[in-house]
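This report covers helix packing, salt bridges and a few backbone details of one protein chain. The text is meant to be read alongside the sequence and the coordinates.

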Amino acid sequence: MSLASKLKVKIIKKIEEISREEWEGVYPETLENYYFFTSLHASSFHQFSFFYILVYENNTLLGCAPCFVMDFPLDSAVSGPLKLLFQVVNKALPKIINPKVLICGLPMGLGRIGLTGNSTEVMEAICVGLEKIAGENKASMIFFKDFTKAYEDRLKPLLSKGFSRIESFPSTEMSISFSSFDDYTKTLSRASRDGLKRNLKKADAGEKIDLEAKDKLEGEELSQVHGLYLQTYSKQELGFEKLPLDFFKNISLNMPQETKYFLWRINGKLAAFALCLVAGDYFIDYYLGFDYALMDRYHLYFIRFRDLMKWCIAHGIKKYEMGVTSYESKRRLGFDFIRLYFY
């Protein structure tokens, strides 16, 4: 009898239907952890239906894969004139531009799957689970979203099942081994260093910009942060998840040790924020928001980066992840690009 014939596939809709200990025994150690998924479920993400595929041998968990069903906006993967064309077609034929799809991974962040034992057989079982969810929810396509090259061998069997591998937009990260911000700037090219210093000098010559770091947000402050997030969301050409206000509250309730909010104010008015996750020496600059009436005038993008870099150096951070978009600015700031793939 093959291992595959002994495996049992279980599909659940809430992360709470499995214990944290069992989940963490299989799923990769990451800041998008059990409590991160708990935060997703506690928030009003009406555009997504979440599922979890669990693979057991007898009563032992061997594999787990988070996934979700959504109406996928195909224009989220394009920019410029082509995006405008998609928007025109969408008005006439919305089901073509926004087909219902099943995605293995997260709406935000990197794709991850928990696998132990014979990973090939466990992946076969996960695929069975995906096909069942897709059929029951009338999803026309199945995606594996934003997986790194480290998953190449595990996902290679998908290519014989009719999947194609497509390069996605890369993530960005930086290794930090600097003793100070000035020490960091010395690693940049002369043109990048001069440009950064010029922008910071202009910002420092203007009105004072105050920074506050907080573990959670409430009330009017929470609403103000969400308002800045929506300003930024409305301007971005890439990405498809839209965070509801309660996510900003729930993540700090469920992950109080890992969540950090950075708030920048000018004359008491909130001008920018960053929602970051941190554990040990690892830091993810997860979501941001700007008051665009103030952003360019006060060079807030560069102020924000400088303050976060200084915070990371002061707190012993060794890896700084900054996600997708704004690639030219990140290249000049010294970030490395991490290739990601759709299947």
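A salt bridge here is a side-chain nitrogen of Lys or Arg within 4 Å of a carboxyl oxygen of Asp or Glu. With that criterion, Glu 212, Lys 214, Glu 221 and Arg 265 are linked in a network of salt bridges. The model is a predicted one.

## Salt bridges

Side chains of opposite charge can pair when their charged atoms come close. The structure holds 25 salt bridges. Three pairs are listed below with their N to O distances.

| Pair | N to O distance |
|---|---|
| Glu 152 and Arg 165 | 3.5 Å |
| Asp 204 and Arg 306 | 2.9 Å |
| Arg 331 and Glu 328 | 2.5 Å |

The salt bridge between Glu 152 and Arg 165 has its closest N and O atoms 3.5 Å apart. This pair links distant parts of the chain, with the two positions 13 residues apart in numbering: Glu 152 belongs to helix 7 (residues 152-155), while Arg 165 sits in the loop between helix 7 and strand 8 (166-167). Glu 152 is partly exposed, at a relative accessible area of 26%. Arg 165 is also partly exposed, and its relative accessible area is 34%.

Asp 204 and Arg 306 meet through their side chains in a salt bridge of 2.9 Å, N to O. Asp 204 lies in helix 9 (residues 190-204) and Arg 306 in helix 12 (residues 300-314), so this salt bridge ties together parts that are 102 residues apart in sequence. Are the two partners buried or exposed? Asp 204 counts as partly exposed, with 49% relative accessibility. Arg 306 has a relative accessible area of 13% and is therefore buried, since the buried class takes values under 20%.

The salt bridge of Arg 331 with Glu 328 has a closest N to O distance of 2.5 Å. Both residues belong to helix 13 (residues 327-333), and because they are three residues apart there, about one helical turn separates them. Arg 331 is partly exposed, with a relative accessible area of 46%. Glu 328 is partly exposed as well, at 42%.

## Packing around helix 11

Helix 11 (residues 245-254) packs with helix 3 (residues 34-42) at an angle of about 145°, and the two axes are 9 Å apart. The crossing of helix 3 with helix 11 is right-handed. On the helix 3 side the contact is made by Tyr 35, Phe 36, Thr 38, Ser 39, Leu 40 and Ala 42, and on the helix 11 side by Asp 246, Phe 247, Asn 250, Ile 251 and Asn 254. Sorted by class, the residues of this contact are six nonpolar, four polar and one charged.

Ser 39, one of the helix 3 residues in that contact, is buried, with a relative accessible area of 0%. Which residues does Ser 39 contact, leaving aside its neighbours within four places in sequence? They are Phe 247, Asn 250, Ile 251 and Asn 254. Ser 39 and Lys 202 are 163 residues apart in sequence, and their C-alpha atoms are 39 Å apart in space.

Helix 10 (residues 219-235) also packs with helix 11, at an angle of about 120° and with the axes 9 Å apart. That angle makes helix 10 oblique to helix 11, because 65 to 115 degrees is the range for roughly perpendicular and over 145 for roughly antiparallel. The crossing of helix 10 and helix 11 is right-handed. In this contact Leu 222, Ser 223, Val 225, His 226 and Tyr 229 of helix 10 meet Leu 245, Phe 248 and Lys 249 of helix 11. By class, the contact of helix 10 with helix 11 comprises five nonpolar, two polar and one charged residues.

## Positive phi angles

Lys 138 is not a glycine, yet it has a positive phi of about 55°. Lys 138 is found in the loop between helix 6 (119-136) and strand 6 (141-144). At 70% relative accessibility, Lys 138 is exposed.

His 299 also has a positive phi, near 55°, in a residue other than glycine. His 299 is placed in the loop between strand 13 (282-290) and helix 12. With 17% relative accessibility, His 299 counts as buried.

Note on methods:
Residues are numbered from 1 along each chain as its sequence is written. This is a predicted model: local features need pLDDT of at least 70, side-chain atom pairs count only at pLDDT 80 or more; totals for chains, interfaces and linings use all residues. Side-chain values use heavy atoms; hydrogens and water are left out. Axes are lines fitted to C-alpha atoms, for helices over the stretch in contact, and angles run from 0 to 180 degrees between N-to-C directions. Helices (H or I, at least four residues) and strands (E, at least two) are DSSP runs, numbered from the N terminus. A crossing is left-handed if the near helix is turned anticlockwise from the far one by less than a right angle, and right-handed if clockwise. Contact means heavy atoms within 4.5 Å. Ala, Val, Leu, Ile, Met, Phe, Trp, Tyr, Cys and Pro count as nonpolar, Asp, Glu, Lys and Arg as charged, and the others, Gly among them, as polar. Angles under 35 degrees count as roughly parallel, over 145 as roughly antiparallel, 65 to 115 as roughly perpendicular and the rest as oblique. Buried means under 20% relative accessible area, exposed over 50%, partly exposed in between (1.4 Å probe, protein chains only).
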